[in-house]
Amino acid sequence: MAFTTLIFVIASCVVTLLAFCGNAQLSRNFYATTCSNLRTIVRNATQQAVTKEPRMAASLLRMHFHDCFVNGCDASILLDDTTTVQGEKNALPNKDSVRGYEVIDDIKAQVEAACNATVSCADILSLAARDGVVLLGGPSWTVEFGRRDATTANLTGANTDLPSPFSDLATLISMFQAKGLTAQDMTALSGAHTIGLAHCSLFRSRIYNDSNINSRFAATRQASCPPDQGNGDTNLAPLDVQTSEQPFDNLYYQNLLTQRGLLHSDQVLFNNGSQDALVLSYSTDNSTFFRDFSAAMVKLSKISPLTGTEREIRRNCRVVN
């Protein structure tokens, strides 16, 4: 073996080993002795928020997704703009769209009161996202801990790495694969749209221009989403026309079978493409959807975590220490 090739192989092995070591530091029992009541604190606070506003479960789940897709699950999405940090909150996919920051603030304050400077914002967000889904009747999954918090954000990454509601299927698959997620993971995670709402600006082009749409469904949505850009942009519509707030179920996929996906990126999952069979399976088998969604959420929550002594444990999720 040539010397340069040997060096390349050794370097590759080191990178791979470090990647596995990073994930290995995540543990279900990471806070067993340092913050044993963490799960109870987060569950109770999340329950209070979701009981007050069921939509908050979808908001926390989306926030976790948008965090992990940009530089990994490091709570960078929670950072406010400062003179030294250009945050991700004003990125196009996040501005006036991602919500629930005050819920994380409240949970963090309660956790800090019980376990000072111990639990990362990234771990809190990961746990709250899971608890919100469970509270709406969705599946549970194992949340492992040990993530550290970023001290910088990535506005550019937030504008480029997050999947668009206007994307075609090939683009969606490619963007998820870039994060280590398969096409199946992508289709399962899209089922999160069984809860939550979307702005008119995100589905206007679909309800007026797409041909693969139920005409009655399109007419209903057009009633609250005028065709002119800038007119009614923030008007909301349910992502799942059948059960928009709860429960968390597989009806989202049933909507796709009848061409009632709200976003273009929803309906491309069932449009004579590679994901049709999987969508059909999820539409008829809720347990299979729950199983695959849970598995995909575990993978999502482990995208490039900061671990060990990297960065810091932020005491205020909005600013670096």
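Start with the cysteines: number the bonded ones in sequence order, and this predicted model pairs them 1-4, 2-3, 5-8, 6-7. A search of the whole structure turns up four disulfides, and three of them are stops on this tour.

**Stop 1: Cys35 and Cys115**

Select Cys35 and Cys115 and show their side chains. Their sulfur atoms sit 2.1 Å apart, forming a disulfide. Look along the S-S bond: the angle about it is 75 degrees, and the link is right-handed. Now zoom out to see what this pair joins. Cys35 is in the loop between helix H1 (3-24) and helix H2 (38-52), while Cys115 is in the loop between helix H4 (101-114) and helix H5 (121-135), so the link spans distant parts of the chain, 80 residues apart. Are these two buried or exposed? Cys35 has a relative accessible area of 3%, so it is buried, and Cys115, at 5%, counts as buried too.

**Stop 2: Cys68 and Cys73**

Next, pick Cys68 and Cys73, which are joined by a disulfide with an S to S distance of 2.0 Å. This link is right-handed, with 120 degrees about the S-S bond. Try a surface view here: Cys68 is buried at 1% relative accessible area, and Cys73 is buried at 1% as well.

**Stop 3: Cys200 and Cys225**

Move along to Cys200 and Cys225, another disulfide, with 1.9 Å from S to S. Distant parts of the chain are linked here: Cys200 belongs to helix H9 (residues 200-209), and Cys225 to the loop between helix H10 (215-222) and strand E2 (236-238), 25 residues away. The link is right-handed, at 75 degrees about the S-S bond. Both Cys200 and Cys225 are buried.

**Stop 4: H3 against H14**

Time for some helices. Color helix H3 (residues 55-68) and helix H14 (residues 286-300): they pack at an angle of about 45 degrees, and their axes are 10 Å apart. That angle makes H3 oblique to H14. Which residues make the contact? On H3, select Leu61, His64, Phe65 and Cys68; on H14, select Phe293, Met297 and Leu300. Cys68 is the cysteine from Stop 2, where it is joined to Cys73. The contact residues of H3 and H14 split into six nonpolar, one polar and no charged.

**Stop 5: H7 against H8**

Swing over to helix H7 (residues 169-177) and helix H8 (residues 183-190), whose axes come within 9 Å and cross at roughly 105 degrees. That makes H7 roughly perpendicular to H8. From H7, the contact uses Leu169, Leu172, Ile173 and Phe176; from H8, Ala183, Met186 and Leu189. Color these by type and you get seven nonpolar, no polar and no charged.

**Stop 6: the salt bridges**

How many salt bridges does the structure hold? There are 13. Begin with Arg318, which meets Asp80 in a salt bridge at 3.4 Å, N to O. Asp80 lies in the loop between H3 and H4 and Arg318 in the segment after H14, so this pair ties together parts that are 238 residues apart in sequence. Arg318 also meets Asp105, at 2.6 Å. Since Asp105 lies in helix H4, that pair ties together parts 213 residues apart. Add Lys89 to your selection: Asp80, Lys89, Asp105 and Arg318 are linked in a network of salt bridges.

Finish with Lys302 and Glu144, a salt bridge of 3.2 Å, N to O. Lys302 sits in the segment after H14 and Glu144 in the loop between H5 and helix H6 (155-160), 158 residues apart.

Definitions and conventions: Residues numbered from 1 in each chain as written. Predicted model: local features only at pLDDT ≥ 70, side-chain atom pairs only at ≥ 80, totals over all residues. Heavy atoms only, no water. Axes fitted to C-alpha atoms, helices over the stretch in contact; angles between N-to-C directions. Helix = DSSP H or I, 4+ residues; strand = E, 2+ residues; numbered from the N terminus. Parallel < 35°, antiparallel > 145°, perpendicular 65-115°, else oblique. Contact = heavy atoms within 4.5 Å. Nonpolar A, V, L, I, M, F, W, Y, C, P; charged D, E, K, R; others polar. Disulfide = S-S within 2.5 Å. Buried < 20%, exposed > 50% of the residue type's maximum accessible area, 1.4 Å probe, protein only. Salt bridge = Lys/Arg side-chain N within 4 Å of Asp/Glu carboxyl O.
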